[in-house]
Amino acid sequence: MFFQTQTEGFNGYSVQWSPFFENKLAVASSSNFGLVGNGRLWLMSLGPNGLITERAYDTQDGLFDVAWSEVNENQLVTSSGDGSIKMWDATLADYPIQNWHEHQREVFSVEWNLITKDVFSSSSWDHTVKIWSPNAPRSLQTYTEHTHCVYSTAWSPYNPSLLLSGSGDQTVKLWDSKAPRSAQTIRAHNNEVLSVDWNKYQDNIFVTGSVDRTVKVWDMRQPGRELTCLAGHEYAVRRVKCSPHRPTIVASAGYDMSVRFWDTAAPPGQNMIMVHDAHTEFVLGLDFNLYAEGQIATCAWDERVHVFLPPALLQR
């Protein structure tokens, strides 16, 4: 099964499946590769004949990330190149229902808390990580320890107050939202860290992706060295995601136009189990469908959204 649709002049930055519906997904995109111009949020549904756009919202600046609310099935937040974060309601036609503008530069990620479900995080090129409530006019917390752009955040699926961040300063920081300073700092790569994600089955395990072209698996109890280093991408790794269905499966997307699937339990050198190379530009967005095992959505600068079911994942 393979479906694709076009985002008509908009380059894909992020894609996320709905946590409520197995056939709905959102795509954050930017015109002119996010360098200048408008953004567009796409709400799509997957039917027997492929992907259908149900609604699209235009913004004045490019959109870099999107996260569905874990509380309200119709609401989602986006992060933008103008430093703003917007909340949308899919039942309304035109405008965001909330707008925050504290970040001083591009907001590169937004991530909803999976447990408490009433807060989300953001990270920015202004070097900060912020925590928000959809009901509060200003951020609840701001962290300023990173010394470079912060590209990615991820909430622990086990502990509601633990948050990871990955930065261009080559570090990953672990934050406890009840504390004012980071709980742990790991020098994770020899280049910028562009993406972080938690393992959904092992509460101390997380993965990172970097400009150094590698994906690394970490145990926060042993921060001195990664558990596994997965090499195979030819250029920077832009996005990493751990499978919600298999504890050892990790997916990564990168600037080599590929999506790669890894089994971290396989013998060294045999970890890569599949390459999806149907995109013709940088692949920046990647997500697993929570409700359909093995189903993947990706988006790229080629203005395409792909939904597919890699056979290699079902065979593991």
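**Exercise 1.** Decide whether the radius of gyration of the chain agrees or disagrees with that of a compact globule.

*Solution.* The model is a predicted one. Step 1: count the residues; the chain has 316. Step 2: apply the globule rule, 2.2 Å times the number of residues to the power 0.38, which puts a compact globule of this length near 20 Å. Step 3: compare with the value for the chain, 18 Å, which agrees. Step 4: add the outer dimensions; along the principal axes, the C-alpha atoms fill a box of roughly 50 × 50 × 35 Å.

**Exercise 2.** Describe the make-up of the chain: which elements does it have, and what share of its residues is buried?

*Solution.* Step 1: list the elements, which are one helix and 28 strands. Step 2: take the buried share, 61% of the 316 residues. Step 3: turn to the accessible surface, about 12500 Å², with 47% of it belonging to carbon and sulfur atoms. Step 4: look at contacts between residues at least 6 apart in sequence; 45% of these join residues at least 24 apart.

**Exercise 3.** Is His279 buried or exposed, and which side chains make polar contacts with its side chain?

*Solution.* Step 1: locate His279, in the loop between β25 (272-276) and β26 (283-288). Step 2: buried means under 20% relative accessible area; His279 has 3%, so His279 is buried. Step 3: find the polar partners. The side chain of Thr298 is at 2.8 Å, and the side chain of Asp302 is at 2.9 Å. Step 4: leave aside neighbours within four places in sequence; the contacts of His279 then include Met257, Cys299, Arg304 and His306.

Technical notes: Residues are numbered from 1 along each chain as its sequence is written. This is a predicted model: local features need pLDDT of at least 70, side-chain atom pairs count only at pLDDT 80 or more; totals for chains, interfaces and linings use all residues. Side-chain values use heavy atoms; hydrogens and water are left out. Helices (H or I, at least four residues) and strands (E, at least two) are DSSP runs, numbered from the N terminus. Buried means under 20% relative accessible area, exposed over 50%, partly exposed in between (1.4 Å probe, protein chains only). Contact means heavy atoms within 4.5 Å. Accessible areas come from the Shrake-Rupley method with a 1.4 Å probe; for residues, only the protein chains shown count as cover. A polar contact is a pair of N or O atoms within 3.5 Å; within protein, one must be able to donate a hydrogen and the other to accept it, and residues adjacent in sequence count only if both atoms are side-chain atoms.
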